[in-house]
Amino acid sequence: MKTAIFPGSFDPLTNGHLDLIKRARRLCDRLIVAVLVNPDKSGLLPTQKRLDVIQRALGNREGVEVKAFSGLLVDFAKAEQADFVIRGVRGVQDLENEMPMAWTNEKLLPGLETVVLLTRPELAGVSSSLVRQIAHFGGDVSAFVPPAVDETLLRLYNKLEKPDDTPEGGE
Ligand code: PNS
């Protein structure tokens, strides 16, 4: 059984990520969408919200799990007995960033391959940072993200709820 990890910040999940998840699933038996918990960076959506929204966007997809991880990716890969890591690249700049990461990960955990998938051209312009910017200024992000993410961002930016779901005035 082949296990693959698709790691990322997913802040938020985009249509580009979703397409890569579907394609990556065809390359393995078990795919773990691994959401980085970065204690130094709060991000737009808190980790649990990020996990929930990814899960909602994916629905019940056999062989796909959504998990949080912190620390080194290789440690998570080891714990999950992963065979390879999947990363999407939208262009040469992404590839240049991915190469040292892949080399380093393989050095730290020999045998851990990184498989790079090319983003579909029609999705190559989509990024989480652009989505965050558009949403921040009240723009429509529905063309770039799955409906579950769109809904979450609308609620967040229309102040219908606080990002961490705490009641107004609460802790
Ligand atoms: O979505 P992103 O921000 O491009 O994802 C980057 C990610 C999470 C894959 C990368 O930052 C990572 O693996 N972080 C965990 C820490 C780690 O293992 N660093 C060494 C990698 S060379």
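Let's start with strands S4 and S5. S4 covers residues 84-89, and it pairs with S5 in the parallel sense, over 6 bridges. One of the residue pairs to look at: Ile86 has Val115 in S5 as its bridge partner. Helix H4, residues 92-108, packs on the sheet here and touches both S4 and S5. The direction of H4 makes about 165° with that of S4. Keep in mind throughout that this is a predicted model.

Now zoom out to the whole sheet. Which order do the strands take? Reading across, it is S3-S2-S1-S4-S5. That is 5 strands in an open sheet, with parallel pairing. The edges are S3, residues 64-69, and S5, residues 113-118. Each of these has a single partner strand, so one side of each is left without a neighbour in the sheet. From one strand to the next, the twist averages 30°.

Next, the chain as a whole. We have 6 helices and 5 strands. From the N terminus, the elements run β-α-β-α-β-α-β-α-β-α-α. So how compact is the protein chain? Its radius of gyration is 16 Å, close to the 16 Å from the globule rule for 171 residues, so the chain is as compact as a globular protein of that length. Along the principal axes, the C-alpha atoms fill a box of roughly 50 × 35 × 30 Å.

Now the loop between S1 and H1. Strand S1 spans 3-8, helix H1 spans 15-25, and Pro12 is found in the loop between them. Check the peptide bond from Asp11 to Pro12: it is cis, with omega near 0°. Phe10 has its place in the loop between S1 and H1 too. Phe10 is not a glycine, yet it has a positive phi of about 50°. Worth a look if you are going through backbone torsions.

On to the ligand. Which residues surround it? Starting at the N-terminal end of the list, there are Pro7, Gly8, Ser9 and Leu36. Then come Phe69, Gly71, Leu72 and Leu73. The list finishes with Arg87, Met101, Thr104 and Asn105.

Three polar contacts to go through. Ser9 places a polar side-chain atom 2.6 Å from an oxygen atom of the ligand. With Leu73, the partner is a polar backbone atom, 2.8 Å from a ligand oxygen. Arg87 uses a polar side-chain atom, 2.9 Å from an oxygen atom of the ligand. How much of the ligand does the protein bury? Taken alone, the ligand exposes 550 Å², and the protein buries 69% of that.

One last link back to the start. Arg87 is among the residues around the ligand, and strand S4 runs over residues 84-89. That's the tour.

Conventions
Residues are numbered from 1 along each chain as its sequence is written. This is a predicted model: local features need pLDDT of at least 70, side-chain atom pairs count only at pLDDT 80 or more; totals for chains, interfaces and linings use all residues. Side-chain values use heavy atoms; hydrogens and water are left out. Two strands pair if DSSP finds at least two bridges between them. Helices (H or I, at least four residues) and strands (E, at least two) are DSSP runs, numbered from the N terminus. Axes are lines fitted to C-alpha atoms, for helices over the stretch in contact, and angles run from 0 to 180 degrees between N-to-C directions. Contact means heavy atoms within 4.5 Å. A residue is near a molecule or strand if one of its heavy atoms lies within 4 Å of it. A polar contact is a pair of N or O atoms within 3.5 Å; within protein, one must be able to donate a hydrogen and the other to accept it, and residues adjacent in sequence count only if both atoms are side-chain atoms. Accessible areas come from the Shrake-Rupley method with a 1.4 Å probe; for residues, only the protein chains shown count as cover. The radius of gyration is taken over C-alpha atoms; the globule rule is 2.2 Å times the number of residues to the power 0.38.
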